[in-house]
Structure formats: structure tokens, C-alpha cells
Amino acid sequence: MKYVILIHSNPQPWGHPTPDYLPEHQALSAEEREAGGRAFDEGFGEVMERGELVHAEALASPGASRLFRWKGDQKIVVDGPYAEGREHLAGFFIVDTETQERAEEIASLFGARGETVELRPVMSEGPDGS
């Protein structure tokens, strides 16, 4: 089953890896940041070895985005950021796993303090993700 792992973040300034620019992550000790990095590298190495990664992309600053909306019968185009909220989509990973539980294990590798990670089934797998 395919899942998309969405990383929502709002680093100031915008940069990747996004945790490096978040105050919540910067407040950790160097040892905590290094341990988190090692845990991610080991876990993601396993994802790669198992052939579960389909595709991944980091996204540019939300300020570089363009928003297309309809107002009546006219299309309105405006500069980003597009979201009204505090967090913006920073990047995504698509994984193909045997079970939802495995997808959840992989999703738990992502994100740092100050970020939100969303796991969602890909529609090509069925309307409800099955």
C-alpha cells in the first residue's frame, strides 16, 4: 500500500533540513540533535534497504508559491504563501509498505520538535486507502 508522509513546518528563515531552522529543535542539546539524526539515518537506511521509498521531495519556501483560486467565474492568481495557518508543507515522502503499521513506523522517523507529520493513504490504492 502506498502512503504519503507530509512534513508540515515553518522554519524562519526557510531552509532544509527544516528542523535546523526551528527554535524548538535548536533548543535541544547537541547530543540530543545528534542522537535524533543518527536514529533517523538508521531508520531511513532500513526504509531504503527494504525498497519502501517511492519518491521524496523537499519544497521551496512558501513565499515562492502561487495560489490559484476562483472568485465567481474568474480565476485569481496570487503570490504565496498560500496557507493561512502557521505551518506550511515543507516536503513529502511516498512509501510503499505491506501494512499501515509499517507506514506508521516509517512516518514516526520524520519530523522534529516544532513540526507536524501527516500520514495519508494514496488514492490510487482506493477511495478509503484500501
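## Elements and overall fold

Strands here are DSSP runs of type E with at least two residues, and helices are runs of type H or I with at least four, each numbered from the N terminus. With that in hand, His 88 can be placed in strand β5. The model you are looking at is predicted, so please read the values below as computed from that model.

The protein has three helices and six strands, and from the N terminus on they follow the order β-α-α-β-β-β-β-α-β. Its C-alpha trace spans about 50 × 40 × 20 Å along the principal axes. Of the 130 residues, 30% count as buried. Among contacts with a separation of 6 or more, 72% are between residues 24 or more positions apart.

## Aromatic pairs

Searching the whole structure turns up five aromatic pairs. One of them joins Phe 40 and Phe 44: with ring centres 5.4 Å apart and planes at 10°, this pair is stacked, because planes under 30 degrees apart count as stacked. Both residues sit in helix α2 (residues 30-49), and being four residues apart there, they are separated by about one helical turn. Phe 40 is partly exposed, with a relative accessible area of 26%, whereas Phe 44 is buried, at 17%.

Phe 44 also pairs with Phe 93, and here the centres lie 5.9 Å apart with the planes at 75°, so the pair is edge-to-face. This pair links distant parts of the chain, since Phe 44 belongs to helix α2 and Phe 93 to strand β5 (residues 88-96), 49 residues apart. Phe 93 is buried too, its relative accessible area being 18%. Taken together, ring pairs link Phe 40, Phe 44, Phe 93 and Phe 110 into a cluster.

## The nonpolar core

Three members of that ring cluster return in the core, namely Phe 44, Phe 93 and Phe 110. The largest nonpolar core has 13 residues, and those with the most contacts inside it are Ile 5, Ile 7, Phe 44, Phe 93, Val 95, Ile 106 and Phe 110. At least two residues of this core come from each of β1 (2-9), α2, β5 and α3 (100-107). In soluble globular proteins, nonpolar side chains tend to be buried together.

Ile 5 is a handy place to look at the core from. Leaving aside residues up to four places away in sequence, Ile 5 touches Gly 91, Phe 92, Phe 93, Val 95, Ile 106, Ala 107, Phe 110, Val 117, Glu 118 and Leu 119.

## The largest pocket

The largest pocket holds about 550 Å³ of space. Its lining is made of 25 residues, and Pro 17, Pro 19, Phe 40, Gly 111 and Glu 115 lie nearest the centre. The elements giving two or more residues to this lining are α2, β2 (53-58) and β5. Helix α2 gives the most, with five residues.

What is the make-up of the lining in nonpolar, polar and charged residues? It divides into 13 nonpolar, seven polar and five charged residues. Phe 40 thus has two roles in this picture, because the ring that stacks on Phe 44 belongs to a residue placed among those nearest the pocket centre.

## Loops and links across the chain

Two cis peptide bonds are worth a look. The bond from Gln 12 to Pro 13 is cis, with omega near -5°, and Pro 13 is found in the loop between β1 and α1 (23-26). A further cis bond joins His 16 and Pro 17, where omega is about 0°. Pro 17 also lies in the loop between β1 and α1, and is one of the residues nearest the centre of the largest pocket.

Ala 112, in the loop between α3 and β6 (116-121), comes next. Its C-alpha atom is separated by 6.0 Å from that of Pro 19, although the two residues are 93 residues apart along the chain. Not counting residues up to four places away in sequence, Ala 112 touches Pro 19 and His 25.

Finally, back to His 88 of strand β5. Is His 88 buried or exposed? His 88 is buried, with a relative accessible area of 8%, because buried means under 20%. The C-alpha atoms of His 88 and Glu 115 are separated by 9.6 Å, with their positions 27 residues apart along the chain. Glu 115 is itself listed among the residues nearest the centre of the largest pocket.

How values were computed
Residues are numbered from 1 along each chain as its sequence is written. This is a predicted model: local features need pLDDT of at least 70, side-chain atom pairs count only at pLDDT 80 or more; totals for chains, interfaces and linings use all residues. Side-chain values use heavy atoms; hydrogens and water are left out. Rings of Phe, Tyr and Trp (its six-membered ring) pair if their centres lie within 6.5 Å; planes under 30 degrees apart count as stacked, over 60 as edge-to-face and the rest as tilted. Buried means under 20% relative accessible area, exposed over 50%, partly exposed in between (1.4 Å probe, protein chains only). A nonpolar core is a set of buried Ala, Val, Leu, Ile, Met, Phe, Trp, Tyr and Cys residues joined through side-chain atoms within 4.5 Å. Contact means heavy atoms within 4.5 Å. On a 1 Å grid over the protein atoms alone, a cavity is a set of points where a 1.4 Å probe fits but cannot get out, and a pocket is an open set with protein on both sides within 12 Å along at least five of seven lines; lining residues have an atom within 4 Å of a point. Grid points are joined across faces, edges and corners, and a volume is the space filled by probe spheres set on the points. Ala, Val, Leu, Ile, Met, Phe, Trp, Tyr, Cys and Pro count as nonpolar, Asp, Glu, Lys and Arg as charged, and the others, Gly among them, as polar.
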